[in-house]
Every structure is written in C-alpha cells, then in structure tokens.
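Trainee: I keep tripping over the labels people put on structures. Could we go through one together and ask what earns each label?

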Amino acid sequence: MTGDGTVTYTSDNVNVATVNSETGEVTIKGTGNATIKATVADGTNYTYATKTAQYTLTVEAAKGISNAKADFAKNANWYDLSGRPLNGKPTKAGVYVKNGKRVVIK
C-alpha cells in the first residue's frame, strides 16, 4: 500500500482460518480453503484504482504421527511410527518416538 488509506483484512471461511482485521495475521482453525482478502479504503489524499488483493489458503490434514503422546517421566513411553505404544525401549534397529521426538535405534 502507498498513501494514507486504511487496509482491512478478511477471511471468507473462519472454520479454516481467521484473520486479524487490522494486522492481517492469519490463524489456522481447520482444514479446507479460505480466501484471505486485503482491502484498502480511499484516503484523504489518495484514491486507489485497485482496492483489493487476495489469495486462497489451503489447509490439509496433518500426515504422520498424530496420536503419539509424550511422557516426560524418567521412563518415557516409546511408540512406533504408526503411533502404537511399545512395551519398553525398542530392541530392534529403526526409527521410534520418545517424548514426542524421533529417535533412531541402531
């Protein structure tokens, strides 16, 4: 923007994303599509030929580990990459999850 017009921001789908009408900060709320639009009002000294700019935001569901829970106790729970809990520390080489982080066992 150039000039002195006020810019406001909107989202056409608040179930996917909300937007701060003054700052334009976007907050993701769910999956799907939302059109984020910025509109400039004519100012006292300037008028604008183009008043809006917009983009489509697409939010997809997360892929990968979604049900592994972190246990920050001394004897933390271990999970395989499918989120299934293990009975103690793994004995086979591979990639596992401990305390919400990926761990490689060699």
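Mentor: Let's go label by label, keeping in mind that this is a predicted model.

Trainee: Okay, the sheet. What makes β6 and β7 a pair?

Mentor: Two strands pair if at least two bridges are found between them. β6 and β7 (residues 94–98) have two bridges, in the antiparallel sense, so they count as a pair. Within that pairing, W78 sits opposite K98 of β7.

Trainee: And why are β6 and β8 said to stand at the edges?

Mentor: The order in this open sheet is β6-β7-β8, with antiparallel pairing. β6 (78–79) and β8 (101–105) each have a single partner strand, so one side of each has no neighbour in the sheet.

Trainee: What holds strands together in general?

Mentor: Backbone hydrogen bonds, whether the strands run parallel or antiparallel.

Trainee: Now D80. Where is it, and how do you know whether it's buried or exposed?

Mentor: D80 lies in the loop between β6 and β7. Its relative accessibility is 14%, and buried means under 20%, so D80 is buried.

Trainee: Which residues does D80 touch?

Mentor: Leaving out residues up to four places away in sequence, D80 touches L86, Y96 and V97.

Trainee: What makes the link between D80 and S82 a polar contact?

Mentor: The D80 side chain comes to 2.9 Å from the backbone nitrogen of S82. The cut-off is 3.5 Å, so that distance fits.

Trainee: Why is the meeting of D80 and R84 called a salt bridge?

Mentor: A side-chain nitrogen of Arg has to be within 4 Å of a carboxyl oxygen of Asp. For D80 and R84 the N to O distance is 2.8 Å, so the label holds. R84, at 51%, is exposed because the line is drawn at over 50%.

Trainee: How many salt bridges are there by this rule?

Mentor: Two. D42 and K51 form one of them, with their closest N and O atoms 2.5 Å apart.

Trainee: Are D42 and K51 buried, exposed or partly exposed, and how do you know?

Mentor: D42 has 40% relative accessibility and K51 has 34%. Partly exposed is what lies between under 20% and over 50%, so that's the label for D42 and for K51.

Trainee: Last one: what makes L81 fit for a surface patch?

Mentor: L81, in the loop between β6 and β7, has a relative accessible area of 43%. A patch residue needs over 30%, so L81 passes that test. With V95 and V104, L81 makes a nonpolar patch of about 250 Å².

How values were computed
Residues are numbered from 1 along each chain as its sequence is written. This is a predicted model: local features need pLDDT of at least 70, side-chain atom pairs count only at pLDDT 80 or more; totals for chains, interfaces and linings use all residues. Side-chain values use heavy atoms; hydrogens and water are left out. Helices (H or I, at least four residues) and strands (E, at least two) are DSSP runs, numbered from the N terminus. Buried means under 20% relative accessible area, exposed over 50%, partly exposed in between (1.4 Å probe, protein chains only). A polar contact is a pair of N or O atoms within 3.5 Å; within protein, one must be able to donate a hydrogen and the other to accept it, and residues adjacent in sequence count only if both atoms are side-chain atoms. Contact means heavy atoms within 4.5 Å. Patches are made of residues with over 30% relative accessible area and no salt bridge: like charges are joined within 9 Å, nonpolar side chains (Val, Leu, Ile, Met, Phe, Trp, Tyr) within 5 Å. Accessible areas come from the Shrake-Rupley method with a 1.4 Å probe; for residues, only the protein chains shown count as cover.
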